[in-house]
Amino acid sequence: MAIDFTLTPEQKKVQMVARDFAENVLAQVVREADREPDPLKAFQLTKPAYVEAYKRGIAFGMLPKEYGGGGLTNIELILAAEEICAVDPGFACTVLVNGLALLPVWYWGTEEQKKRIMGAATSDSSGAWIAGYAASEPPGSPGGTANFDTPLPHPVGIGVTARQDGDSYVLNGRKYWPCNVGGWDGEGADVNLVVVRTDPEKGGTEGLSAVLVERGTPGVTYNIIDSFGHRLTPNSEIIFEDARIPANNLIEGTFGNGDLLINRNFAWSGPVAGIAAVGVARAAYEAALTWARTYTAGAPHPMIHFQNVGYVLGDVAARIEACRYFCWKAAHYIDEHGYHGELIGAMNKTYCTETLFDSVYKCMQVVGVNSADKKHMFEKYLREAAIFPIYDGGNFGMQRRRVHGVLASPGFNPRALMDNEFVEFTKDMETIDTIAHVEAKSPAHI
Ligand SMILES: Cc1cc2nc3c(=O)[nH]c(=O)nc-3n(C[C@H](O)[C@H](O)[C@H](O)COP(=O)(O)OP(=O)(O)OC[C@H]3O[C@@H](n4cnc5c(N)ncnc54)[C@H](O)[C@@H]3O)c2cc1C
């Protein structure tokens, strides 16, 4: 019996552990932290909940048991993520990024790096250990992130450089947007995985690699970013000024393959982002349904008895169901194919995040003007839902481009996902759409 949507007892347990944590621990801090104007203080307000998540095996549940992690499958991970995101997707993003930072160490690191870094992450007595993953860069001309795999050399594409100098790499440049990187005090996470340009003469498919930057590295500073959504996770700018790291902090298997790391990472997180959108839409839908069942809008009966209200909420519920099972499929695919899902992860993320943004707005339309009153939370749901399509590898410049690259590949089998066949993601599927058919102009001429 292959297709069966019933959760196993283990899966149900993971879901219930996460639900209990979300509803009884995390929910206590969400409103106050979300209202806090200082983004670093907002993040710090979540620290006790994070420590509790750590103790309950949630913070590093995605890492393999062999290195002290929870050994969750990707299916189990997203079952837990839905529960946490229904309460706060920003907090869940902090946990997600622990995975984006450390799974590449598992995929491509040396045994020494795995033991040192994953071992530290999973054996911290304070329970506050946190990791960042820094690929994204600041806007500018050139600047930004979407064209990280452009075949052109520096300064187009990824701008942070890492020059080898004896037993060290020396980093210069800026990252912008990564969350967690500044840690609990804005002085640095315990470790940050940073995608850098190890060869400025080469393009994005040959010149990128990933390095580990540990807390306390001289020449690294952080500035926190004040964003409108996901306020419980801390986004930061990182500035590298002749920051020297040991050469053995290069993740060897990523040398010249930082492009593949970015694609694999933002595909692994595809169903996590997809299910985050499910969680937020679910919260908005449940709140709207409760409202419609109890509020009359001046009529002699609750609003749910109006046809439009029932139709719209029914459509929203259908979309949530459809997206949830697409996420399960994508996570299952990634479990089955050695943590690869470059195609399905991107399709899943774009589809769910865009479909469900509209569903949150539909819930607001149904509730009406009272959805604009902050005390009813719909404005928070909308702010959170608006982040999904633009974070975690933007849907336009990164995720759809990956899908395009695969579909344009001559050997692509259009039934591969349906048949659960492995779609190998290769470098010749990259660079697509990175150079538009216009002559490059200097900013002054744009
Ligand atoms: C809450 C949150 C958490 C985040 N966490 C992290 C993190 O932990 N680590 C990290 O590295 N980043 C993180 N980010 C950044 C995030 O991953 C962004 O998705 C990423 O920076 C890419 O954004 P972008 O595509 O808009 O990039 P940009 O380069 O700014 O592109 C801007 C826009 O230009 C257009 N565009 C550009 N090039 C193309 C093209 N070739 N084809 C088509 N359209 C194009 C697209 O419309 C694109 O959206 C986070 C962001 C947020 C909001």
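**Exercise 1. Place A283 in the fold and decide whether this residue is buried or exposed.**

Solution. Start with the element. A283 sits in helix α8; helices are DSSP runs of H or I with at least four residues, strands are E runs of at least two, and both are numbered from the N terminus. This is a predicted model, in which local features need pLDDT of at least 70, side-chain atom pairs count only at pLDDT 80 or more, and totals for chains, interfaces and linings use all residues. Residues are numbered from 1 along each chain as its sequence is written, and side-chain values use heavy atoms, with hydrogens and water left out.

Next, apply the cut-offs. Buried means under 20% relative accessible area, exposed means over 50%, and partly exposed is in between (1.4 Å probe, protein chains only). A283 has a relative accessible area of 10%, so this residue is buried.

Then list the partners. Contact means heavy atoms within 4.5 Å. Setting aside residues up to four places away in sequence, A283 touches A86 and Y381.

Last, check a distance. Y361 is 78 residues from A283 along the chain, and their C-alpha atoms are separated by 12 Å.

**Exercise 2. Explain why helix α11 counts as largely enclosed, and find what covers it.**

Solution. Helix α11 spans residues 378–387. Of its 10 residues, 8 are buried, so the rest of the structure largely encloses this helix. The buried set is F378, E379, K380, Y381, R383, E384, A385 and I387. Charged residue types appear here: E379, K380, R383 and E384 are among the buried ones.

Now the cover. It includes α1 (9–35), α4 (74–87), α5 (89–108), α8 and α10 (342–367). Y381 links back to Exercise 1, as a contact of A283.

**Exercise 3. Describe the largest nonpolar core and the surroundings of L102.**

Solution. Begin with the term. A nonpolar core is a set of buried Ala, Val, Leu, Ile, Met, Phe, Trp, Tyr and Cys residues joined through side-chain atoms within 4.5 Å. The largest one has 110 residues. L102, Y133 and W268 have the most contacts inside it. Helix α8 (residues 270–294) gives the most to this core, with 14 residues.

Zoom in on L102. Beyond its neighbours within four places in sequence, L102 contacts F60, L63, I117, M118, A121, W129, A131 and V191. Another core, of 17 residues, lies apart from the largest one; Y169, V181, V194 and I238 are among its members.

In soluble globular proteins, nonpolar side chains tend to be buried together.

**Exercise 4. Classify T150 and A322 by accessibility.**

Solution. Take T150 first. T150 is in the loop between β1 (131–134) and β2 (161–165). Its relative accessible area is 2%, so T150 is buried. Not counting residues up to four places away in sequence, T150 touches V156, G157, G203, G204, T205, T434 and I435.

Now A322, in helix α9 (residues 307–336). At 43% relative accessibility, A322 is partly exposed. A322 and A408 are 86 residues apart in sequence, with 27 Å between their C-alpha atoms.

**Exercise 5. Test the protein chain against the compact-globule rule.**

Solution. The rule is 2.2 Å times the number of residues to the power 0.38, with the radius of gyration taken over C-alpha atoms. For 446 residues, a compact globule would have a radius near 22 Å; the protein chain has 22 Å, so the two agree. Add the burial: 56% of the 446 residues are buried. The chain holds 12 helices and 7 strands.
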